[in-house]
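Hi,

Here's the model I promised to pass on. Have a look, and my notes follow below.

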4 protein chains.
Amino acid sequence: MQKKVKIFNDPVYGFISVPVGIVLEIIEHPFFQRLRRISQLGLTSYVYPGALHTRFHHALGAYHLMTRAVEVLRNKGVDISEIEAEAVCIAILLHDVGHGPFSHALEHTIIDIHHEEMSILFMEQLNQHFKGQLQLAITIFKGTYSRKFLHQLVSGQLDMDRLDYLSRDSFFTGVTEGSVGHNRLIQMLNVFEGELVVEEKGIYSVEHFLIARRLMYWQVYLHKTVLSAEQMLIKTLQRAKQLVQEGTRIESFGNLNYFLNQSFTDIDKKNIKNLPNHFAMLDDIDIIASLKQWTIHGDLILSYLAKCILHRKLFKIRLQNTVITPSDIAAAEALIKQQFSQLSEAEIRYWVFTGKESNRTYNKKKDDIKILMKNGNVRSFSESADYELQTKIISRYYICFPKSF
Amino acid sequence: MQKKVKIFNDPVYGFISVPVGIVLEIIEHPFFQRLRRISQLGLTSYVYPGALHTRFHHALGAYHLMTRAVEVLRNKGVDISEIEAEAVCIAILLHDVGHGPFSHALEHTIIDIHHEEMSILFMEQLNQHFKGQLQLAITIFKGTYSRKFLHQLVSGQLDMDRLDYLSRDSFFTGVTEGSVGHNRLIQMLNVFEGELVVEEKGIYSVEHFLIARRLMYWQVYLHKTVLSAEQMLIKTLQRAKQLVQEGTRIESFGNLNYFLNQSFTDIDKKNIKNLPNHFAMLDDIDIIASLKQWTIHGDLILSYLAKCILHRKLFKIRLQNTVITPSDIAAAEALIKQQFSQLSEAEIRYWVFTGKESNRTYNKKKDDIKILMKNGNVRSFSESADYELQTKIISRYYICFPKSF
Amino acid sequence: MQKKVKIFNDPVYGFISVPVGIVLEIIEHPFFQRLRRISQLGLTSYVYPGALHTRFHHALGAYHLMTRAVEVLRNKGVDISEIEAEAVCIAILLHDVGHGPFSHALEHTIIDIHHEEMSILFMEQLNQHFKGQLQLAITIFKGTYSRKFLHQLVSGQLDMDRLDYLSRDSFFTGVTEGSVGHNRLIQMLNVFEGELVVEEKGIYSVEHFLIARRLMYWQVYLHKTVLSAEQMLIKTLQRAKQLVQEGTRIESFGNLNYFLNQSFTDIDKKNIKNLPNHFAMLDDIDIIASLKQWTIHGDLILSYLAKCILHRKLFKIRLQNTVITPSDIAAAEALIKQQFSQLSEAEIRYWVFTGKESNRTYNKKKDDIKILMKNGNVRSFSESADYELQTKIISRYYICFPKSF
Amino acid sequence: MQKKVKIFNDPVYGFISVPVGIVLEIIEHPFFQRLRRISQLGLTSYVYPGALHTRFHHALGAYHLMTRAVEVLRNKGVDISEIEAEAVCIAILLHDVGHGPFSHALEHTIIDIHHEEMSILFMEQLNQHFKGQLQLAITIFKGTYSRKFLHQLVSGQLDMDRLDYLSRDSFFTGVTEGSVGHNRLIQMLNVFEGELVVEEKGIYSVEHFLIARRLMYWQVYLHKTVLSAEQMLIKTLQRAKQLVQEGTRIESFGNLNYFLNQSFTDIDKKNIKNLPNHFAMLDDIDIIASLKQWTIHGDLILSYLAKCILHRKLFKIRLQNTVITPSDIAAAEALIKQQFSQLSEAEIRYWVFTGKESNRTYNKKKDDIKILMKNGNVRSFSESADYELQTKIISRYYICFPKSF
């Protein structure tokens, strides 16, 4: 009965208990400790100053919810062995371990590998280190394990990842209305023919969950000021990469150098196993430290962008439902040319840029949530809901440019 | 600058400040103190044991939000005089003063007057007592004051009543995901051409508000166990009234007697002004006290219902999307006849009953919320939203009957 | 592994799981359901309007904390059998079942039996009803079971009763600074030589717990306005009892009659077993319903007190560190005599009364908390603390009298 | 009446309103924005992962509480002019602007200037920049303004600084029992003969505040694991400084170089005005970025310390009430010598070190809190309290050394 545990403090859930053993050892590994230096929401703290929580904290939180979900399902008679329970917990703990600095913003700027793919590379290296103890966790994570609901708890429409990040982001931003009722939702999970389902009485909770997520998207994740800051960061990194490739010497910090100098379009597949070791050295610190150095770099484009980000002189952003027209762009560019006649067309693109953000509340095909009706049948959520759920993609278009000089 | 205030403790908002003067005097009046004995959610505490908060507390909370709304609007340049500010605050404070015991459940059982009409009767009597100081408040409450937004703050799609009760009910039930972000919503209010509008960036908050309300409806207000309990209460009162009218002596408590003995279908319009004085003596206590007495009454129907409510042996309820068929009813009735052959058809109706509950998320015509676009135009919310908002009425049908004997 | 559970909603802890079986059956019994009509804090809601929670809710909450404590202790290697776990949970669930209406205030006014003694009477009757299934719970509750720590979890310096009521009262009053960190405290419990101990690192939490409790005492439980209201209620009941004994007919509600007519100084010991059946019919409703009736009673003393309580025209209270002098009393009495010359000296005592409230933060002998030091020794908390903990009794004296007429 | 405001999101207080004007301009200045990169609690996040909040957020929060305090005092009739109100708000906003990276830990390691002195240097430079608009704020901050209570609100026993950091640290660590009831405390402030006082009824809140602060000290600020981490950081910086001074080339990041190369024991008083410009470039990033580089430095001492901090392989710490003896130290050192025979005695001191932490709950002379009695007199808190408040300094001694190699 005795189970020695280590307690982590968490303002969101109170205490998080981790049993001494493989799970705790993974947490103590430098690969996982690195997540302490990867913020969950990047530059979002420029709008929500409390949103400084890290992927370390999120991974722990998602782990905690997973232990709860396992308990609820077992109480309902779902047979989950000790080994499966540990594996699904390890899988959720490591689901984001491959995230890089300012992850969503920089995902395809620093390196052209999706973070899930990178997570698998990390897990495999950890599996070697821990002598195969992560094998089942990897199988579950990849979705190749026979019991599908275990994968769905890690990665699905109602997975513990989403439940945690929505709860956690809501807590730290202070957007309390984004809270999703993780307790109630977990309480209503069940398994039917090997797949994760929600019991019928949970249907309004599911609907609320979708709308709360939608709110968080437009209120937080795609907040226009956050968008502007993140796009500026991308432009800065692109400029740095371009300068490096053109042979200009720029002092970038630590392991960022390694990545700025590489072209990852055709990665040497033999060396990919080694990638985690380089990537594990890279975190938010490298990016901000580099920005600090670039503020005094000779390149006007680079130093201006770096200073603006660092001192939070963010570019003006105009967000609209319609595509940004060429004349909108021309007008903004003209303003800059007026003052910086030395800049080329291509260079101006670093200061005047456009983009598009999309969000879809619910995609019938991809995101189907199964509802277990009281009569024992299973229906898809979109059929059960009272009304036609929004399934079309909502897009917003934006243009960014300096406010003034 | 000095403004002596009395502080009320409130777990929802922290502290509520009330200036010494007319507002405090109204609160101290027995008409308002009576609201301490009118629970906000009636028998909902049978499902959510924390939901014991009263209309007294709700009225104070709505008052608090109103002071905040006035402050926000003034900061945006909306001119609101001291007199108007006080009046709109009094109007919200008294908006529910006419509620009777177990209000929504018993509204048309004890007396056939809508609670808003009764609130006006109360206000008018208070206005006399306070020598006309409530005149403007009454005008605003009735919607006849020239500045429409003041009425809309009291009674409209986004009024302080709703913002408070959703926040408060969410807090005391523990259905935290029903929280509506009252701070953010109030922050986004504005006035355009005399009407209350929401600034464009608040559009997702409005949407979330509608969905959170919807969640609260199905999760709390129309929770099937609550429905069952409330319908049982209605049946009990109906039975008592019937017995009284048939001449059977029943001991009902306090002023409930007065109302059980009256027929209010054709109220004497001359005496209606006197009604508040009787009604003011009636509260939740009278109902529960009567139930306690009726548990030992000789009438089987009455005593059985009273005992079941009091000991929380609630009737089974089947809630469904389709109308309850006559054969469903017949089946349930047959069960009872088997055991209580002495009961007549009419009497069985007190133990087997059906009903219908409806909820509409948003009614374009009635509930229109105006959005103030960044370009200065005003559009209706239903046009601004990304998708067709649910406007049809959702109905649920139910049948209730005793679980066993 | 499967364990069917019923979920109770609780805004304080989220969800409370109760296994289907004897525990749930006890909760569904009318003796326990009656606690829904016994408020935890009586008239405290006159100062803290949210404080309407009931002993039903508190008992459930204490039960929940007990399940947590059992889990923590088991994880630390303390052997607790399934039978013991269930018994200690039942014991805490029923620890307050013998409380009467407005318990602390009226404990010795309506009936002269301590609520713990009454709880045992209730438990014994339930034990009969449930065919002996409560035997071990009763033994633990009485403190006669061999494993002392189980009793200490139910009734001791750091029992689940206190942890719950401080947390719950803090939540519903909104006195958030009274929160005691129940999670952290439970996490630090352990058992040493059969007794409950706190691990050394928990020493500051214990200290904070004592001070938070002290704050709650003076800020909430002994708040002067609450004191005044409660004393008025006691005086009202005393007056009613006196009138009854003098042969004056007064209409009191329901089972209160039974108790007003009895003298419990020499209870018939043979009939005491039957007492719970009468007492089980008595709750807050009877008291308030009676108050409502008494507002129109012919006795000036009774009706004035009843009206004042009901309409919250509370007596003025002066709370001080020194004893109230006879001349203070005389002055207040003179004021009343002036206006009500018909009142006798004895009658005036119902309107002018004095009292004393005491609180002791920590009593070395009675309340000793044992600390398990890192070196394996056990020391008493008062020795371990950095400073001389306050052990003297703090007393406050008060006088109450009507504000004006 | 119109007052354009900017809203900051804050999970602790909801929304923080800042009027457009000088206050907002100060917030937007790079000196203030830099505080976004100075964490409030340094390495505390190694124990409380949520504790990543910054001095930026704390300063905003303290500003918010100040606006509340001004409002409360004005409502009580304290005359505070618009100019004074703005000045005291600016003073609290900037009270920590002089903090360096990992402030408390590194305060005297990087530079030997107290952070308050540095704050004044910053304020003076900002005052120049803003053409004298900060003059009164500086006077209040320094305590030379005639109205003493304004300074006490900024820096005193119950200042807005403390109220905010205790509330905020409690929120982000999740040590909820450390919450101090800022609302209630502020509500009870008053001014008597020019000095800040607390009204008598607030006496238990003051006591609770002192004990909550004490809890936070031992539970959070002086948590032994945090102590160990911080001392390791200090040792690392000391080693780096020593290496630099010995002429070893070490790559430290950004402006840290500037400070490692300086000796600040005899600062050139003429240049001190220029110091903020250098110091403003230094933040947490520079420290962590340097640590990252040092993990691969040739110096065994430096790289070992850097790696241990970065990967959270923290030194074992033994905390005790008695002084660490020479033999304790010798034993720990012997362990290291065994394995690293090449290390000199002096070098071993970087891996085995001792220290002392002290905390005093209340210092009668320095921290006196004045209580305004109901009778109009003022007494010191230590006289008013029921018992001898702890005034002696509590000290803990510790020794740190690597767990294993």
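What should the 22 residues of helix α12 (residues 224–245) of chain B span at 1.5 Å a residue, and how far apart are its end C-alpha atoms? The expected span is 32 Å and the end C-alpha atoms are 31 Å apart, so the two agree. (Expected span here is 1.5 Å times one less than the number of residues; helices are DSSP runs of H or I with at least four residues, strands are E runs of at least two, both numbered from the N terminus.) Just after α12(B), G247(B) has a positive phi of about 95°.

Housekeeping: this is a predicted model, where local features need pLDDT of at least 70 and side-chain atom pairs count only at pLDDT 80 or more, while totals for chains, interfaces and linings use all residues. Residues are numbered from 1 along each chain as its sequence is written, with chains lettered from A and ligands numbered from 1 in the order in which they are written.

On to symmetry. Chain C lands on chain A (RMSD 0.0 Å) after a 180° rotation with 0.0 Å of shift along the axis, so the two copies are related as by a two-fold rotation axis. The superposition is least squares on C-alpha atoms of residues with pLDDT of at least 70 in both copies. In chain C, Y13(C) comes closest to that axis, at 5.3 Å (C-alpha). Also, 100% of chain C's interface residues are interface residues in chain A too, so the copies meet through the same surface.

Finally, 28 residues of chain D are in contact (C-beta atoms, placed from the backbone, within 7 Å) with 28 residues of chain A. On chain D's side, α15(D) gives the largest share, five residues.

Cheers

Technical notes
Contact = placed C-beta atoms within 7 Å.
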